[in-house]
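Student: Hi! I've just pulled up a model and would like to walk through it with you. Can we take it piece by piece?

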Amino acid sequence: MSTPFSPPPLAASRLPLARVRLDDVAPFDGAVTPAYARSVDALASSLTRHGAALLELPSADAAVVRCALESTRAFFRARTGVYVYRAGRTLDDGDYAPACMADAFRCLGKAARAAFCAIARNLRLRSDAFNHLLDDTPLPVNAVSSSELLVAYSHGYLQSGQAPIVGPRSSMAEVDMGFITLVASDHPGIEVCNPNGHWYVAEGSGPNDLLLLTGRALSHVTAGLRPNSQYRITNNENRASLTFRLMPRPNAILDCSLISAAGHCMPHTYHPISASQFMDDLCAEEHAVSNHLEAPSESQGNFVCEPSLRSVLSDPLSGAFLEDAMVLPCGHSFGGLMLKKVIEMARCTICNGEVDPASLFPNLDGSIGYHIALRAVATVVKMEDDRRLFHNAALRKRRRDVSEHMVSPKQTGSSKNNSEVGLDAENSTTFKGVQYPFVVGERVLIMGNKRTPDKFVGKEAVITSQCLNGWYLVKALDSGESIRLQYRSLKKA
């Protein structure tokens, strides 16, 4: 039996989140209705102002979620822990799973996709603009879903099925890695950080309401127009929860081309990247954060919450460096295209405060020194950032060239040793010249390597895009699926 709701923690204030009915934001055929337009705007406004929103489930789906929460309590009755459910994955002999998970996965997956469509629509995109980044519905035979459902009881973590987190880590800020995160629980216990850095208790009226949070993958494909949500667990006592994470499929390419085509300002910092590489980079970053947390430090509790110098010196909306920065009376700083937008609207785009355009320019009261200092620091940080990126790219290129030359003698039967080949300038020039042997639109045969999925090996494909360092984006002719491969894995058809 479910227990009554316990009172929420008093450490953070309560903010009224937008409560949107799932039926009102679900995509449908026909002309747009006033209820759909209002719900999409309310959802987007709540995510912008508060970093979260609430989705009200229909009665049938709410009954499935309540059943799944009851099943979670029964499954973990004698112990506390977490179970990760993925659709399509078979259980090993002797393994058990909580009941109702397949039905709960379908209900929460449907809600997450509907919210994803509403976010796309609010950004002036097609409602199905991001569907190519997700798993097919339903899944192909013998396929396992990229998205996952985390079933937890009395633990303060949402993101992985690793060992229980105890101590100060349970109350620290967490950021999800996927597109959309939906949380259903039988007790409140989550606080969310709004864009102004204030924590508040995010709670609904019960399992009928899903807490909607956004992740880093969504922030990347929207070029930062939908920032990721930060949250923390404050109630680790007698709490069952279901956390659905809508994730990209591993071979999807995360880029901002749709955002740019819709006329939005796209910072140069967002580059196309495969979903698998994106997740690997985030896992490495999380590992670095975990190592920092394990080391004793006086500033340990503020490690995740403190913004980086780069974020402070960047435009809060476009992400560009504030090389032409101006400070508004409200304290927010803008530069470039966003500064022009602020001047045209005569309002701050963050806090909506009124702005006198004349007050943005340096005057004789001493503010000129602050403007000059801000621009100078932003310029220096940008130069250091560009130099570091160039150094890392050059280092990777040198390592790749050396590895190519080390393998070259074995393939050609040359008797030169590795050191001689590494110093051969002629061979170096030859290798660098064949990094782009194909052109866009050309048909190729996928030869693959040890990391290429078997379903693509031996298939004919067409080059759809040319990427950096000899990489191509190709689309299989039979299935229409896309994959990012290097030129070595391709052969002219």
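Student: Let's start with strand β20, residues 482–486. Is it mostly covered or mostly open?

Tutor: Mostly covered: four of the five residues in β20 are buried. Keep in mind as we go that this is a predicted model.

Student: Which strand pairs with β20 over five bridges?

Tutor: That's β19, residues 471–476, and the two run antiparallel. If you want a spot to click on, Leu 473 sits opposite Arg 484 of β20.

Student: And what links the two strands? How many residues lie between them in the hairpin?

Tutor: Five residues lie between β19 and β20 there. Look for Gly 480 in that hairpin, with a positive phi near 80 degrees.

Student: What's the strand order in the open sheet that holds them?

Tutor: The sheet has five strands, in the order β20-β19-β18-β17-β21, with antiparallel pairing. At the edges are β20 and β21 (490–492), each of which pairs on one side only. On average, neighbouring strands in this sheet are turned by 50 degrees against each other, ignoring direction.

Student: Where do side chains point in a strand, in general?

Tutor: In a regular strand they alternate between the two faces of the sheet.

Student: Switching topic: how many disulfides are there?

Tutor: Zero in this structure.

Student: What about Cys 107, is that buried or exposed?

Tutor: Cys 107 is buried, because its relative accessible area is 10%, and the cut-off for buried is under 20%. Cys 117 is buried too, at 7% relative accessibility.

Student: Now helix α4, residues 101–122. How far does it reach from first to last C-alpha?

Tutor: It covers 31 Å over its 22 residues, close to the 32 Å expected at 1.5 Å a residue. After α4 comes Arg 124, which has a positive phi near 65 degrees.

Student: Handy for picking out a face: which residues of an α-helix point the same way, in general?

Tutor: Those three or four places apart, because an α-helix has 3.6 residues a turn.

Student: Last one, Asp 209. Where is it?

Tutor: Asp 209 is in strand β10, which covers residues 209–214. This residue counts as buried because its relative accessible area is 4%.

Student: And which side chain does the side chain of Asp 209 make a polar contact with?

Tutor: The side chain of Arg 19, at 2.9 Å.

Notes:
Residues numbered from 1 in each chain as written. Predicted model: local features only at pLDDT ≥ 70, side-chain atom pairs only at ≥ 80, totals over all residues. Heavy atoms only, no water. Disulfide = S-S within 2.5 Å. Buried < 20%, exposed > 50% of the residue type's maximum accessible area, 1.4 Å probe, protein only. Polar contact = N/O pair within 3.5 Å; in protein donor to acceptor, adjacent residues only side chain to side chain. Pairing = 2+ DSSP bridges. Expected span 1.5 Å × (residues − 1). Axes fitted to C-alpha atoms, helices over the stretch in contact; angles between N-to-C directions.
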